[in-house]
Amino acid sequence: MIEAEKPQSLVRKVERPPILDRIISERISDKEKDKLVDELLEKFDRQDIEEIKGGEIELSPRQKELIIEANRLISKALGGIGIKMKTEIKYPNIHILKADVFEKYRKKKGIKSESISAWTSIGEQAIFIKQEEYNELLFLDRIIHEMLHINSFISFQTVDMALDMEDRVGITERRTGLRIRETKIKIKKGKKGKKVAGRTFFNDLDEAIIEKLTLDIIRNFDLKISLGLKDDFQKSEKLRKILIDYIQKMFQERGGNMSQEELLEIGILYMVLNWGAVLLPEAGGFLEKYNENHDRIELEQAISFYSDQEASGFISHFAYGSQRILLERLINKIFEKNKEKFNNPSEIAQLFIRAAFEGRLLPLARLIDETFGKGSFRKLGEGEDITAVDFSE
Ligand SMILES: [Zn+2]
């Protein structure tokens, strides 16, 4: 049993103020920087966010335990590749909001995507989750993703404030993981140019890395979730792998004779099983029947059942599927071209993770420019698919 109220510290030694790797600016003194850091830290601790007052749903004792579990899993996952977890997230920083409050605050924050159900505010060190029905697995999935954002490399930069503000200079996010926000100079007629926050780069790639790690944790780690759900999940994982193998064989044996519709339907399910599905409903029943006689009819029935489930939106998915597919393609292409430097693609995946969590972009930028041509890293940051090159030419 985990004591929810007094989480044990998982981070042995904090080497930076939580959430803050650095503030980049030549325009303010070290003393001013320290003051800004203090202000930020106080803000993080207080979690006094006007816009969500009255709209918060209290976390259940079980959800508080799951937050501790998420810290443990993240620490283990990052530790496994030699990255030290930086920030242990305490439950006061996680806010479950009523749907209307969530939507209102999302719009106010300028987050355009209407489909999101959670986001992390770096400036507030707060995680906002839209109130929905979650089982323990989906709740874990959601908080691990957001908590990884806070644990990634974070820096701030200075911008000019409005003239009527007391402080001349304010700070805004510079880096969060791989995501970079540029600043630009905004010029109003007859006035001096102002430095303001500009566009962001590498957003998709950053999300892909964060969700890839989340998926690795959920699928491969020993999760402390309720026994019933854990049993369901293990069965779902077994069936998922059996179905993936079966569909691969099916494509090999009779792919050429399949109709367009069949190819499309099975192809979609194959992608869902590989990249999407968190938990397949009713997997236990299919698995039991299949284990009795290993009759392929059972698998055919499972395929048609899950195709329907997918079409009706009943299968919960890991997020950022298309972005993760692109990341995977990028990693494989880099490996293909640099086999003398790497033993396997996962060494390249680690390079991406390192850049997102430790901050150093240069090794990654160099590798990508060497592989795909000068300027490719920049293009990738702008969201361009740079993998559409054929190295065999
Ligand atoms: Zn995210």
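**Helix crossings, a mixed sheet and two unusual loop residues**

In this predicted model, helix α5, spanning residues 203-220, and helix α11, spanning residues 345-358, have axes that come within 10 Å and cross at roughly 105°. Because angles of 65 to 115 degrees count as roughly perpendicular, α5 and α11 are therefore described as roughly perpendicular to each other. On the α5 side the contact is made by Asp 206, Ile 209 and Leu 213, and on the α11 side by Phe 352, Ile 353 and Ala 356. Sorted by class, the residues of this contact are 5 nonpolar and 1 charged, with no polar residue among them.

A second pair of helices can be followed in the same way. The axes of α2 (residues 61-80) and α4 (residues 136-151) come within 9 Å and cross at roughly 55°, which makes α2 oblique to α4. The crossing of these two helices, α2 and α4, is right-handed. From α2, the residues Gln 63, Leu 66, Ile 67, Glu 69, Ala 70, Leu 73 and Ile 74 take part, and they meet Glu 136, Phe 139, Leu 140, Ile 143, Ile 144, Met 147, Leu 148 and Asn 151 of α4. The contact of α2 with α4 comprises 11 nonpolar, 2 polar and 2 charged residues.

Turning from helices to strands, the reader will find an open sheet of 5 strands, arranged in the order β1-β6-β7-β8-β9 with mixed pairing. At its edges stand β1 (22-24) and β9 (194-201), and since each has a single partner strand, one side of each is left without a neighbour in the sheet. From one strand to the next, the twist averages 35°. The strand β1 runs parallel to β6 (residues 154-160), to which 3 bridges join it, and Ile 23 stands opposite Phe 156 in β6.

Two loop residues deserve a separate look. Most residues other than glycine have a negative phi. Gln 125, however, has a positive phi near 45° although it is not a glycine, and this residue lies in the loop between β4 (118-121) and β5 (126-130). Gln 125 is buried, because 22 other C-beta atoms lie within 10 Å. His 294, likewise not a glycine, has a positive phi of about 50° and is found in the loop between α8 (283-293) and α9 (296-311). With 9 C-beta neighbours inside 10 Å, however, His 294 counts as exposed.

Methods: Residues numbered from 1 in each chain as written. Predicted model: local features only at pLDDT ≥ 70, side-chain atom pairs only at ≥ 80, totals over all residues. Axes fitted to C-alpha atoms, helices over the stretch in contact; angles between N-to-C directions. Helix = DSSP H or I, 4+ residues; strand = E, 2+ residues; numbered from the N terminus. Parallel < 35°, antiparallel > 145°, perpendicular 65-115°, else oblique. Contact = placed C-beta atoms within 7 Å. Nonpolar A, V, L, I, M, F, W, Y, C, P; charged D, E, K, R; others polar. Buried ≥ 20, exposed ≤ 12 C-beta atoms within 10 Å, placed from the backbone. Left-handed = near helix turned anticlockwise from the far one by under 90°. Pairing = 2+ DSSP bridges.
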